[in-house]
Amino acid sequence: TPLPGVSVSAARLKEDGTEAPPEREPMGFGGMSRIEIIGPPDEGESDAGGGAMMVFSSHGPGGGPGAQTDEDGRYRIEGLEGGDYKVNFRDDDYRNTSVSPVTAAQGQEVEVETVHLERGGSFSGTLELTQGGRLVGSTLRFDRVESDAPGAAVLATETTGTRPDGTYSIGGLEAGTYRVTASYMIEPTDLGNFELKHLTHELGTVVLGVDEEQTLNGVLPFE
């Protein structure tokens, strides 16, 4: 089933295999790429067909190293230099997926392995203040940890922000144990005090199952 609306990016790899920091302005031979992504059915079952194709040409226009899939599951990334790349696929309802390394040279046509996007778990909820003040903004950090023991090693981290009404949502998460922390700013109601307060509050440690949707609300202390 074609999967539209997936964010796709191509990260240049260094010689040691790690991602190189992005450049402000893409440079190089003006390469053009086109990739077809076939996602899994809505219920997350494996799709035997489909795959990805990346075609590099020396005649494409320049552009940024990112795109979104269209209704047919296709997208185009422009402005790539020749070299090794990590192609990343991200969608709110699916687990982050990547293909690496993908080696591109001027005029070369490269077939990329079949890509299947798997649905992930999600959190949603609302953050409120205990008293007074106005919640200016909040960032939630979801650390997937080895266990619920204090000081357990962090395996991966995802973040999201609250909307103006204090609600949030985040999806595409792997099953596991998550330590959830909110970092936020408060604007005091005292007209004589114009200083914003920057606070951090741990919402708890939660076990998230495969494809599970959990509601996690939080009441944030004023102090």
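**View 1. A patch of negative charge on the surface of this predicted model.** Five residues gather here: Asp92, Asp93, Asp211, Glu212 and Glu213 together make a surface patch of negative charge. Take Glu213 as a starting point: it sits in strand β15, which covers residues 213-215. Is Glu213 buried or exposed? Glu213 has a relative accessible area of 71%, so it counts as exposed, since the cut-off for that word is over 50%. Asp211, another member of the patch, is found in the loop between β14 (197-208) and β15. With a relative accessible area of 41%, Asp211 is partly exposed.

**View 2. The backbone at Asp211.** Stay with Asp211 for a moment and look at its backbone instead of its charge. What is phi of Asp211 near? Phi is near 60 degrees, a positive value, and Asp211 is a residue other than glycine. Remember as you look that this residue belongs to the loop between β14 and β15.

**View 3. A salt bridge between Arg90 and Glu158.** Five salt bridges turn up when the whole structure is searched, and this view shows one of them. The side chains of Arg90 and Glu158 meet with a nitrogen and an oxygen 3.1 Å apart. Arg90 belongs to strand β6 (residues 83-91) and Glu158 to strand β11 (residues 154-161), so this pair ties together parts that lie 68 residues apart in sequence. How accessible is each partner? Arg90 is partly exposed at 42% relative accessibility. Glu158 is partly exposed too, at 21%, a value to set beside the cut-off, because buried means under 20%.

**View 4. Arg95 and its two glutamate partners.** Start with Glu118, whose side chain meets that of Arg95 in a salt bridge (3.2 Å, N to O). This pair links distant parts of the chain: Glu118 is in the loop between β8 (109-112) and β9 (121-129), while Arg95 is in strand β7 (residues 94-104), 23 residues apart. Both are partly exposed, Glu118 at 43% relative accessibility and Arg95 at 29%. Now find Glu174, which also forms a salt bridge with Arg95, with 3.5 Å between the closest N and O atoms. Here the partners are 79 residues apart, and Glu174 sits in the loop between β12 (167-173) and β13 (176-187). Glu174 is partly exposed, with a relative accessible area of 32%. Which residues do the shared partners join into one network? They are Arg95, Glu118, Arg144 and Glu174.

**View 5. A cis peptide bond before Pro101.** Look at the link between Ser100 and Pro101: this peptide bond is cis, with omega about -10 degrees. Pro101 lies in strand β7, the strand that also holds Arg95 from the previous view. Is Pro101 buried or exposed? Its relative accessible area is 55%, so Pro101 is exposed. For a spatial landmark, find Val87: it is 14 residues from Pro101 in sequence, and their C-alpha atoms are 7.9 Å apart in space.

**View 6. The largest nonpolar core.** This core holds 21 residues, and the ones with the most contacts inside it are Phe123, Phe142, Tyr184 and Leu220. Which strands each supply at least two residues? They are β9, β10 (134-145), β12, β13 and β14. Among the contributors, β13 gives the most, with five residues.

**View 7. Residues separated in sequence: Leu80 with Ala10, and Gly17 with Tyr85.** Leu80 is found in strand β5 (residues 74-80). Its relative accessible area is 3%, so Leu80 is buried. Along the chain, Leu80 and Ala10 are 70 residues apart, yet 8.3 Å separates their C-alpha atoms. Next, turn to Gly17, which is found in the loop between β1 (7-12) and β2 (31-36). Gly17 is partly exposed, with a relative accessible area of 46%. Gly17 and Tyr85 are 68 residues apart in sequence and 9.2 Å apart in space, counted from C-alpha to C-alpha.

Technical notes:
Residues are numbered from 1 along each chain as its sequence is written. This is a predicted model: local features need pLDDT of at least 70, side-chain atom pairs count only at pLDDT 80 or more; totals for chains, interfaces and linings use all residues. Side-chain values use heavy atoms; hydrogens and water are left out. Patches are made of residues with over 30% relative accessible area and no salt bridge: like charges are joined within 9 Å, nonpolar side chains (Val, Leu, Ile, Met, Phe, Trp, Tyr) within 5 Å. Accessible areas come from the Shrake-Rupley method with a 1.4 Å probe; for residues, only the protein chains shown count as cover. A salt bridge is a side-chain nitrogen of Lys or Arg within 4 Å of a carboxyl oxygen of Asp or Glu. Lys and Arg count as positive and Asp and Glu as negative; His and the chain ends are not counted. The place of a charge is taken as NZ of Lys, CZ of Arg, CG of Asp or CD of Glu. Helices (H or I, at least four residues) and strands (E, at least two) are DSSP runs, numbered from the N terminus. Buried means under 20% relative accessible area, exposed over 50%, partly exposed in between (1.4 Å probe, protein chains only). A nonpolar core is a set of buried Ala, Val, Leu, Ile, Met, Phe, Trp, Tyr and Cys residues joined through side-chain atoms within 4.5 Å.
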